[in-house]
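Q: I would like to learn how to read a two-chain model step by step. Where should we begin?

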Amino acid sequence: MQRITPNMLAMVFIALFTGLGLTYYSLADGKFIGTYHLGSWTTWAKAGTPNPDPYTKAFISLGNTLRLGRSEGIQFTTQRDGNGDLLQKNCNYSISGDVPTATFWTLRALAPDGHSITPVGANQAIQSKRISRSNNGKATIKVGALLTDGNWLEITGEGYFELILTLYDASVLSGFGGTIDKLPIITNEGCT
Amino acid sequence: MIKTAIWIIAGILLGLIIHLVIILSLPNLVSNNAWNILSKISTPGKLIILKRPKPMEANVLRLDPELVYAVCRFDLLQGPGSLSGKLPSDFWSVGIFDKSGVAIYSTTNRSGGDQNLDLGIFSPAQTRLLAEHQLTLKTGVIIVKAPSNEVYAVIRLATPHPAMWQRYKETLKQLKCAHIK
């Protein structure tokens, strides 16, 4: 019987590290195949289509989210602000900029495990048909614990969170990749 | 030195193979996905309305609180699936998904142009029977070809205001979801 040599052990370690690490990075953190990044926002470009690539298929099967079919809409998520810093519940954020044309869109904040982080009595989501806009039609949304006027998505607690921007009715987004070239920018306005 | 480098390269190559095997087999291995959650709370051919997510509570299926959701699971071995009814003029959409969450078909009221929903969902074998005219359908039914027997439909209905959630929930309850016998 052949002895297990240090080289053999190193190979097994490297194989496991590469295999598992690459899998985790591609599905959780890096999302470097099958995704579309715009600023800090990310979407799985082929999710919602009948023939997703193997990475998208693996990602879809991992989550327990009810997905959107492509003609229903498209969902962007982010865990980071415009500077690349993780979103924190004890900070206040301003979200402004263009949102691609859709029948309507919603913006929500959830803890990484899917828990709602909006306090009881507050709006759980911002809906585009019910927001106040300035004279030029633009809207700014504030997300944080600090009371603000205008469009405020109140959150509470401590720790990291993620924002979910869902654009409903994707018929206007059929030229995906070419059409969606702008999404709102998230700016940190201070932490407590 | 060269021998060690060969072992390292072999390790990296083996790692890439492990990575690809995991990615390709994940859809068949995962047990905590939307299908499994829905299997615990619904039976095939019965429409259920999902509870609205509440503030500070778990939102397991990551539902959008601005919408009312109805779900219907189908086991096409029991017969082709049927989903029909009338919906409000506000935005609504329907997505049909296979067990692993891959979208088979989706539509919205904008593409349909009216408030009526009438879908027939057929397995590959049932689709063949349809083509051979051994199954008959009423006119106007949209035929959805499912690649497997276990599929689920998600119906989303947008509420103009959160206060109307209950009323729209009652509207969705009127949808008919069944297996065609």
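Q: In what order do the elements of chain A run from the N terminus on?
A: Note first that this is a predicted model. From the N terminus on, chain A reads α-β-β-α-β-β-β-β-β-β-β-β. That gives two helices and 10 strands. Along its principal axes, the C-alpha trace of chain A spans about 80 × 40 × 30 Å.

Q: How do I read a sheet, and which strands form the open sheet of four in chain A?
A: Start with the general idea. Strands in a sheet pair through backbone hydrogen bonds, and the pairing is either parallel or antiparallel. Then read the strand order across the sheet. In chain A, the order is β8-β7-β4-β10, and the pairing is mixed. β8 (151–154) and β10 (185–191) of chain A are the edge strands, each pairing on one side only. From one strand to the next, the twist averages 20°.

Q: In which sense do β4 and β10 of chain A pair?
A: Strand β4(A), residues 91–96, pairs with β10(A) in the antiparallel sense. Five bridges join the two strands. For a landmark, find Cys91(A): the residue opposite is Cys191(A) in β10(A).

Q: What is the strand order of the open sheet in chain B?
A: The order is β7-β6-β3-β9, four strands with mixed pairing. The edges are β7 (142–145) and β9 (176–179) of chain B; each has a single partner strand, so one side of each lacks a neighbour in the sheet. Ignoring direction, neighbouring strands here are turned by 20° against each other on average.

Q: How many bridges join β6 to β7 in chain B?
A: Four bridges join them, and the two strands run parallel. Strand β6(B) covers residues 116–122. One register point is Leu119(B), whose bridge partner in β7(B) is Ile142(B).

Q: Which helix lies across β6 and β7 of chain B?
A: That is α4(B), residues 124–131. The helix runs at about 105° to β6(B).

Q: Now the interface. How many residues of each chain are in contact?
A: Count the residues on both sides, then look at area. Here 64 residues of chain B are in contact with 60 residues of chain A. The area buried between the chains is about 4,900 Å², and carbon and sulfur atoms give 63% of that. In chain B, the residues that lose the most area to chain A are Trp7(B), Met56(B) and Arg62(B). Together they account for 16% of what that side buries.

Q: How many residue pairs are in polar contact between the chains?
A: There are 22 such pairs between chain B and chain A, counting those with both residues at pLDDT 80 or more.

Q: Which elements supply the side of chain B that touches chain A?
A: Six elements each supply at least two residues: α1 (2–29), α2 (34–41), β2 (67–75), β4 (92–98), β5 (103–108) and β8 (150–158) of chain B. The largest share, 17 residues, comes from α1(B). By residue class, this side of chain B divides into 40 nonpolar, 16 polar and eight charged.

Q: How do I read the salt bridges, and how many lie between the chains?
A: The general idea is simple. Side chains of opposite charge can pair when their charged atoms come close. Over all chains, a search of the whole structure finds eight salt bridges. Between chain B and chain A, the count is three. One of them joins Arg62(B) to Glu162(A), at 2.4 Å from N to O.

Q: Where do the residues of the Arg156(B)–Glu72(A) salt bridge sit?
A: The two side chains meet at 3.4 Å, N to O. Arg156(B) is in strand β8 of chain B. Glu72(A) is in the loop between α2 (54–62) and β3 (73–78) of chain A, and the pair crosses between chains.

Technical notes:
Residues are numbered from 1 along each chain as its sequence is written. Chains are lettered from A and ligands numbered from 1 in the order in which they are written. This is a predicted model: local features need pLDDT of at least 70, side-chain atom pairs count only at pLDDT 80 or more; totals for chains, interfaces and linings use all residues. Side-chain values use heavy atoms; hydrogens and water are left out. Two strands pair if DSSP finds at least two bridges between them. Axes are lines fitted to C-alpha atoms, for helices over the stretch in contact, and angles run from 0 to 180 degrees between N-to-C directions. Contact means heavy atoms within 4.5 Å. Buried area is the accessible area (1.4 Å probe) that two parts lose on being put together, summed over both. A salt bridge is a side-chain nitrogen of Lys or Arg within 4 Å of a carboxyl oxygen of Asp or Glu. A polar contact is a pair of N or O atoms within 3.5 Å; within protein, one must be able to donate a hydrogen and the other to accept it, and residues adjacent in sequence count only if both atoms are side-chain atoms. Ala, Val, Leu, Ile, Met, Phe, Trp, Tyr, Cys and Pro count as nonpolar, Asp, Glu, Lys and Arg as charged, and the others, Gly among them, as polar.
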